Amino acid sequence: GLVLGLEGTAWNLSAALFGEDLVALHSSPYVPPKGGIHPREAAQHHASVMKEVIGQVLTEPDRIRAIAFSQGPGLGPSLRTVATAARALSIALGVPLVGVNHCVAHVEIGRWATGFTDPIVLYASGANTQVFGYLNGRYRIFGETLDIGVGNALDKFARGHDLPHPGGPMIEKLAREGSYIELPYTVKGMDLAFSGLVSAAQESKAPLEDVCAGLQETAFAMCVEVTERALAHAGKDEVLLVGGVGANARLQEMLRIMCEERGASFAVPERTYLGDNGAMIAYTGKIMLEHGTTITLDESQIRPGYRADEVTVTWREDEPG
Ligand code: ATP
Ligand code: FE2
């Protein structure tokens with residue numbers, strides 16, 4: 001059987017079918033007119049392309065065993081639009097619903113794509129920056145951002161300099177041509193903060209390339225420090241990088257070097273599975289379904305603040321934690 005997965009927590013509406021492998025994937029990204037996602041406009045986008053996106057993957061309705069959807073965390077209006085479509089499909093096809101935590105789905109598709117079994121995970125995206133590790137039936141959050149995600153920090157800096165949105169790729173390019181300048185580094189305990197760094201970068205009078213190099217190096221060094229400490233603390237030997245910022249070659253290099261020094265392995269999934277995508281929801285929905293973790297319509301309310309450590313991981317019960 002197949003599981004249809006729907007993702008739409010933020011800017012990307014994406015649907016996928018997962019069987020033994022990925023069968024179909026179709027996405028429709030929302031491109032904000034001038035930087036920054038407006039929650040109601042993103043939801044409006046999702047509603048307007050819903051029929052087309054689902055239609056592209058719904059080729060064999062008779063073989064679908066469940067509808068999985070991202071229940072949270074995310075923007076309320078987008079989550080509501082996606083949940084409504086998922087409920088309608090579940091009723092129409094007479095199959096159960098699976099409510100998937102978006103952050104957990106990043107981890108699971110990452111494990112599937114890389115073959116890693118029990119990694120420390122750095123989830124670095126626009127809205128999120130978190131370090132997870134599996135322990136006793138849950139994904140524990142070892143550290144996370146106290147303000148904005150590392151991707152949004154890069155996007156905010158880019159907006160201030162009229163660079164195209166999203167800012168990450170252009171900052172990466174400029175940083176390669178610049179030399180490092182010192183900017184404020186903020187790690188508090190196991191947590192991170194990026195707003196002070198972005199403000200200082202915005203105000204810097206140094207050449208743009210150098211500010212980009214300093215911004216990137218500082219933000220990524222903070223992420224690597226927390227990941228390294230989680231790795232040492234948890235006694236694991238794999239590091240997995242997920243989320244849209246994971247596309248950055250410098251961040252990958254810094255994590256790879258840290259892992260080599262510690263005798264750990266490092267991996268990053270291929271691009272398709274890095275940023276938000278329907279495949280991660282369909283795949284996680286499939287393994288949850290196989291462990292009987294479905295929800296009723298009453299339990300399908302959206303969860304905008306849903307945290308990874310609230311999820312009881314039913315599908316890894318036989319693994320050491
Ligand atoms: P989430 O809901 O998980 O927070 P998201 O909506 O931020 O996800 P993603 O696709 O995971 O979506 O990540 C998008 C972010 O990735 C943007 O902030 C973008 O600037 C950043 N990004 C993309 N490519 C690069 C790159 N090469 N270097 C750095 N950042 C990048
Ligand atoms: Fe995400």
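Q: A polar contact is a pair of N or O atoms within 3.5 Å (within protein, one must be able to donate a hydrogen and the other to accept it, and residues adjacent in sequence count only if both atoms are side-chain atoms). What makes Y123 a polar contact of ligand 1?
A: An N or O atom in the side chain of Y123 is 2.2 Å from an oxygen atom of ligand 1, so the pair meets the limit. This is a predicted model, in which local features need pLDDT of at least 70, side-chain atom pairs need 80 or more, and totals for chains, interfaces and linings use all residues. Side-chain values use heavy atoms, without hydrogens and water, residues are numbered from 1 along each chain, and chains are lettered from A and ligands numbered from 1 as written.

Q: Which backbone atoms touch ligand 1 in this way?
A: A polar backbone atom of A127 is 2.9 Å from a ligand 1 oxygen, and a backbone N or O atom of G168 is 3.1 Å from one.

Q: How do you know whether the protein leaves ligand 1 exposed or buried?
A: Taken alone, ligand 1 exposes 640 Å², and the protein buries 91% of that (Shrake-Rupley method, 1.4 Å probe).

Q: Which residues come nearest to ligand 1?
A: They are W11, Y123, S125, G126 and D155, out of 24 residues around ligand 1; a residue is near if one of its heavy atoms lies within 4 Å.

Q: What kinds of residue make up this shell?
A: There are 8 nonpolar, 13 polar and 3 charged residues. Asp, Glu, Lys and Arg count as charged; Ala, Val, Leu, Ile, Met, Phe, Trp, Tyr, Cys and Pro as nonpolar; the others, Gly among them, as polar.

Q: Which elements give two or more residues to the shell?
A: They are α3 (102-114), α4 (150-160) and α5 (168-177), where a helix is a DSSP run (H or I) of at least four residues and a strand (E) of at least two. With 4 residues, α4 gives the most.

Q: Why is ligand 1 said to lie between two domains?
A: Domain 1 (2-105 + 276-316) and domain 2 (108-272) both give residues to its shell, so ligand 1 lies between them.

Q: What makes P73, P166 and N136 worth a look?
A: Most residues other than glycine have a negative phi, and most peptide bonds are trans. Yet G72 and P73 are joined by a cis peptide bond, with omega about -5°, and so are H165 and P166, also with omega about -5°. P73 is in the loop between β4 (64-72) and α2 (76-93), and P166 in the loop between α4 and α5. N136 is not a glycine but has a positive phi of about 45°; its loop runs between β7 (129-135) and β8 (138-144).

Note on methods:
Domains from an automatic or database assignment.
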